[in-house]
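Me: I would like a close look at one aromatic residue in this model and at the ring it pairs with. After that, please work outwards to the other rings, the odd backbone angles and a few long-range distances.

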Amino acid sequence: MPDTGAPAAVPGAAAGVCPYTISFMHAAEQLTTATAMVFTTLCDQMRRTAEVAAKNSNVPVFLFNLPATCSSTTARDLYVHELRRLGRFLVDIGGKLPGPDELARVMTQYATQRRRLRDARIRLSGREFSEAIAQFHRTGAFTPDTRTESQPRTPAADCESGVPLALVGGPMRRQDLVLFDLIENAGGQVCLDATTTGERTLPDRFDPQRLTEDPFDELVRAYFDSIPGIFRRPNNAFYDWLDAALTARNVRGIIFRNYLWCDLWRAELQRLKTRVDIPVLGLDVSDESDTIARTTTRVQAFLELLS
Ligand code: SF4
């Protein structure tokens, strides 16, 4: 989750480039302590950004070929191959190859943090939970304050303080978190963060027996086999996950965020509207100066409709 948008002067901040990609690249350029950059081929824009980074940056760049197909053995084999290639890349720049026991130990450590993170959701507001996930992705740890460990559910987390909504779409930037505040001020409450930086992209829980027997294969299962991505073909797993989560949280409306120039998410808006039987508000996200005012008005009108 990049901290800020990119200044207008950033090269490439032109028509045709999604604002998230620009912010991501800008944030990567500011990271003076980074020893490498890892990109995936999730979309053409990220693939192209990796090429630009490799050309302009002094640190090594790794492009992970992420298969879009999810139901074939060949795609899974490619993912395994790419994970091993990433491992060799990391060893080449000073990393250490873990044995199975060490891998299982680190996986367990991350799984423990993720469990605490998931458990904390019911005590956090939508924005706080999104920030906690970002913190976990950045540091590998979840450091709850006293309130999240000891107090009961907040009315906000139970969606008692506003109309329960889901946020669906691509990754958020820190500056975009203001959307949570706009929604709350308009009488809504984000009960489900189904954005790419939200809970949807946390891997499945590890199976203890499989973790012991073959931690690498369990890693592949929990990530590649389990995370529902919109870019997957077919991407039915995304809609299955969303259907179950909407029902479980009694969600009454969906706010769908689509960055300007993002073909991947834009193509899903119509499909989503035909798949779900609750109202959907589509928001185009750009860095234009009137975005917040326009978004506020549209969110208010949407919540009027749901009230
Ligand atoms: S928002 Fe869309 S175009 Fe931008 S990085 Fe994500 S998938 Fe790619």
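What is the relative accessible area of Y110, and is the residue buried or partly exposed?

Reply: The relative accessible area of Y110 is 34%, so the residue is partly exposed; the bounds are under 20% for buried and over 50% for exposed, with partly exposed in between, using a 1.4 Å probe on protein chains only. The model is predicted, so local features need pLDDT of at least 70 and side-chain atom pairs count only at pLDDT 80 or more, while totals for chains, interfaces and linings use all residues. Residues are numbered from 1 along each chain as its sequence is written, and side-chain values use heavy atoms, with hydrogens and water left out.

There are 11 aromatic pairs in the model, where rings of Phe, Tyr and Trp (its six-membered ring) pair with centres within 6.5 Å, and planes under 30 degrees apart are stacked, over 60 edge-to-face and the rest tilted. Y110 and F136 form an edge-to-face pair, because their ring centres are 6.1 Å apart and their planes stand at 70°. The contact joins distant parts of the chain, with Y110 in helix 4 (residues 100-120) and F136 in helix 5 (residues 126-139), 26 residues apart. Helices here are DSSP runs of H or I with at least four residues, strands are runs of E with at least two, and both are numbered from the N terminus. The partner ring is in a different setting: F136 has 4% relative accessibility and is therefore buried, whereas Y110 is partly exposed.

Now the other rings. F62, F64, Y79, F89 and F224 are linked by ring pairs into a cluster. Two arginines also meet aromatic rings. R84 has its charged end over the ring of F216, 4.1 Å from the ring centre; the rule asks for NZ of Lys or CZ of Arg within 6 Å of the centre and within 35 degrees of the ring normal. R257 does the same with Y259, and here the distance from its charged end to the ring centre is 4.9 Å.

Y259 also appears in the list of residues around the ligand, where a residue is near if one of its heavy atoms lies within 4 Å. The rest of that list is C18, Y20, T21, L42, C43, Q45, P171, C262 and L264.

A further phenylalanine, F180, is located in helix 7 (residues 178-185). Its relative accessibility is 2%, so F180 is buried. Between the C-alpha atoms of F180 and I278 there are 20 Å, and along the chain the two are 98 residues apart.

Next come the backbone features. The peptide bond that joins R233 to P234 is cis, and its omega is near -5°. P234 belongs to the loop between helix 9 (215-223) and helix 10. D225 is found in the loop between helix 9 and helix 10 as well. With a relative accessible area of 41%, D225 is partly exposed. From D225 to P203 the C-alpha separation is 9.2 Å, for residues 22 apart along the chain.

N250 has a positive phi, near 55°, although it is not a glycine. The residue is in the loop between helix 10 and strand 5 (253-259). N250 is exposed, because its relative accessibility is 56%. W261 is another residue other than glycine with a positive phi, in this case near 80°. It sits in the loop between strand 5 and helix 11 (263-275), and W261 is partly exposed because its relative accessibility is 42%.

Two more positions complete the tour. L167 is part of strand 3 (residues 163-169). At 0% relative accessibility, L167 is classed as buried. L167 and R48 lie 27 Å apart, C-alpha to C-alpha, and are separated by 119 residues in sequence. R294 is in helix 12 (residues 291-306), and at 34% relative accessibility R294 is classed as partly exposed. R294 and L283 are 11 residues apart in sequence, with 9.6 Å between their C-alpha atoms.

To return to the request, Y110 is partly exposed at 34%, and its ring meets F136 in an edge-to-face pair.
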